[in-house]
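Biologist: Could you take me through one part of this model in close detail, and tell me what sits around it? I would like to see how that part fits into the whole chain.

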Amino acid sequence: MAIDPMTALSIGQSVVGFFEAKKEADQQQAYYNANRQRAAQARDLKIQSLNQRLIQENEAIASQKMQLEIQELKKKGALTVAAGEAGVAGFSVDALYNDFTAQALRGKTVLSQQADAIEKQITLEKRGADAEAQNRINSVRQGEQPSFLAHAVGGAAKATGTYYSGLSETEQDAFLKRFSIG
């Protein structure tokens, strides 16, 4: 039994349709992969920038702490010289020494708290960068490979319909009886 041209065309269209769907799925997957890579790169750059900012903030705070220590030493040195020149000693000089130390410690404590707050903020910003990257990745669908079986069954059904519609009424009745469809 020869296949008429319309049935063959129907089968051919189904095969071509499958390969076109496969090509589209491959292109979509390539787009998804490229988007995923760009999102990861953007996240990595943002995290590198945040790490650099954290380093700079910590260096600035360390410098401020050192300045507090230098001021404390200068004040204590000046007090020692002044007390020695005046011949003064005792609790009042010790109290001033302790006050200078306390001032420096309070300043360092405030700076340490600022450093902790900055580190927490940057950690949250890093998590935000991760979430942004994941959202960007999730915004693009992956390519879904077409089902060969679904295309084959659809093509066979279409080909059968095309073949059937090309038959005369008596041939259609014989076809239905032969395949017990009616």
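Modeller: Happy to. Let's start at Glu72, which touches Phe100, Thr101 and Ala104, leaving aside residues up to four places away in sequence; a contact here means heavy atoms within 4.5 Å. Please keep in mind that this is a predicted model, in which local features need pLDDT of at least 70, side-chain atom pairs count only at pLDDT 80 or more, and totals for chains, interfaces and linings use all residues. Residues are numbered from 1 along each chain as its sequence is written, and side-chain values use heavy atoms, with hydrogens and water left out.

Glu72 has its place in helix α1. Helices (H or I, at least four residues) and strands (E, at least two) are DSSP runs, numbered from the N terminus. Glu72 counts as buried because its relative accessibility is 13%; buried means under 20% relative accessible area, exposed over 50%, and partly exposed in between, with a 1.4 Å probe and protein chains only.

Phe100 and Ala104 are among the buried residues of α2, a list that also includes Gly107, Leu111, Ala115 and Ile118. As background, residues three or four places apart in an α-helix point the same way, because there are 3.6 residues a turn. Helix α2 covers residues 91-138, 48 in number, and reaches 69 Å from its first C-alpha to its last, close to the 70 Å expected at 1.5 Å a residue. That expected span is 1.5 Å times one less than the number of residues.

Now move to Ile47, which is also found in helix α1 (residues 5-86). Ile47 is buried, since its relative accessible area is 18%. Among residues over four places away in sequence, Ile47 touches Lys126, Ala129 and Asp130. Of these, Ala129 is on the list of buried residues of α2. Ile47 and Thr123 lie 76 residues apart in sequence, yet 9.3 Å apart in space, C-alpha to C-alpha.

How does this fit the whole chain? The protein chain has 4 helices and 0 strands. Of the contacts between residues at least 6 apart in sequence, 84% join residues at least 24 apart. Buried residues make up 21% of the 182 residues.

As for confidence, pLDDT is the predictor's confidence in each residue, from 0 to 100. The chain has a mean pLDDT of 86, with 89% of its residues at 70 or more. Confidence is highest in α2, at a mean of 95, and lowest in helix α3 (residues 148-165), at 71.
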